[in-house]
Amino acid sequence: MLPPYFVAVPRPRWVDTQKSAEELLSYLSTLGSMPVAIDTETTGLNRQKDTVVVWSLSDGRRRYVILAELLPMFVKFFQEYPRLIFHNANFDTDMLNNSGVDLQVGEKLGRRYDTIVMHHWLNQNLPVTRK
């Protein structure tokens, strides 16, 4: 048994049906402005042509892996959720855009946070790692 202060990475929950996607969207609507981390797994690294295969989302308590086919159900979430955390946000947003999710929506641009940039701010002498 793990000590009570130990926080492990939550086991992933697969979202592979419309029903499970609706349940996830319902859960996300209860989070208010709590940060949500997003990551994409893609067909390659070409920012002009590659697309999302699966993507993951975590609020720190729950972790989900979602099929790319369900992305259209999450467009409004991506465009309106107040705090999206990425590691290399430029890459992930390009991949989402290639897959039909446009995050370049007016005044909402400031809602994305990038841990690569944050890491660089902590120590500008450390190398930047990218996908």
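**Burial and surface**

I began with burial in this predicted model. Of the protein's 131 residues, 32% count as buried. I then looked up the exposed surface. The protein exposes about 8,200 Å². Carbon and sulfur atoms supply 55% of that area.

I also checked how contacts spread along the chain. I took contacts between residues at least 6 apart in sequence; 65% of these join residues at least 24 apart.

**Fold**

I counted the elements next. There are four helices and six strands. Along the sequence I read the pattern β-α-β-β-β-α-β-α-β-α.

How are the six strands ordered in the sheet? I find an open sheet with the order β1-β4-β3-β2-β5-β6. Its pairing is mixed. The edges are held by β1 (12-15) and β6. Each has a single partner strand, so one side of each is left without a neighbour in the sheet. I noted the twist as well: with direction ignored, neighbouring strands are turned by 30° against each other on average.

I looked at one edge pairing in detail. Strand β5, residues 84-86, runs parallel to β6, and three bridges join the two. Within this pairing, I85 stands opposite Y113 of β6.

**Helices on the sheet**

I then asked which strands α1 touches. Helix α1 (residues 18-28) packs on the sheet and touches β1, β3 (52-58) and β4 (63-67). Its direction makes about 125° with that of β1.

I did the same for α3. This helix also packs on the sheet, and its contacts are with β2 (36-42), β3, β5 and β6. The direction of α3 makes about 65° with that of β2.

**Aromatic pairs**

I moved on to the rings. The structure holds five aromatic pairs.

I took W55 and F74 to begin with. Why is this pair edge-to-face? The ring centres are 5.1 Å apart and the planes stand at 80°, so the pair gets that label; the cut-off is over 60 degrees. W55 lies in strand β3, while F74 lies in the loop between β4 and α2 (75-80). The pair therefore ties together parts 19 residues apart in sequence. I checked burial for both. W55 has 1% relative accessibility and counts as buried. F74, at 0%, counts as buried too.

My next pair was F77 and Y81. Their ring centres are 5.1 Å apart, but the planes make 45°, so I log this pair as tilted. F77 is buried at 9% relative accessibility. Y81 is buried at 6%.

Which residues make up the aromatic cluster? W55, F74, F77, F78 and Y81 form one cluster.

**A charge over a ring**

I looked up R62 as well. Its charged end sits over the ring of Y27, 4.0 Å from the ring centre.

**G100**

My last entry is a glycine. Where does G100 lie? I place G100 in the loop between α3 (89-98) and β6 (112-114). Is G100 buried or exposed? Its relative accessible area is 53%, and exposed means over 50%, so G100 is exposed. I also took its distance to V75, which lies 25 residues away along the chain. The C-alpha atoms of G100 and V75 are separated by 8.3 Å.

Note on methods:
Residues are numbered from 1 along each chain as its sequence is written. This is a predicted model: local features need pLDDT of at least 70, side-chain atom pairs count only at pLDDT 80 or more; totals for chains, interfaces and linings use all residues. Side-chain values use heavy atoms; hydrogens and water are left out. Buried means under 20% relative accessible area, exposed over 50%, partly exposed in between (1.4 Å probe, protein chains only). Contact means heavy atoms within 4.5 Å. Accessible areas come from the Shrake-Rupley method with a 1.4 Å probe; for residues, only the protein chains shown count as cover. Two strands pair if DSSP finds at least two bridges between them. Axes are lines fitted to C-alpha atoms, for helices over the stretch in contact, and angles run from 0 to 180 degrees between N-to-C directions. Rings of Phe, Tyr and Trp (its six-membered ring) pair if their centres lie within 6.5 Å; planes under 30 degrees apart count as stacked, over 60 as edge-to-face and the rest as tilted. A charge sits over a ring if NZ of Lys or CZ of Arg is within 6 Å of the ring centre and within 35 degrees of the ring normal.
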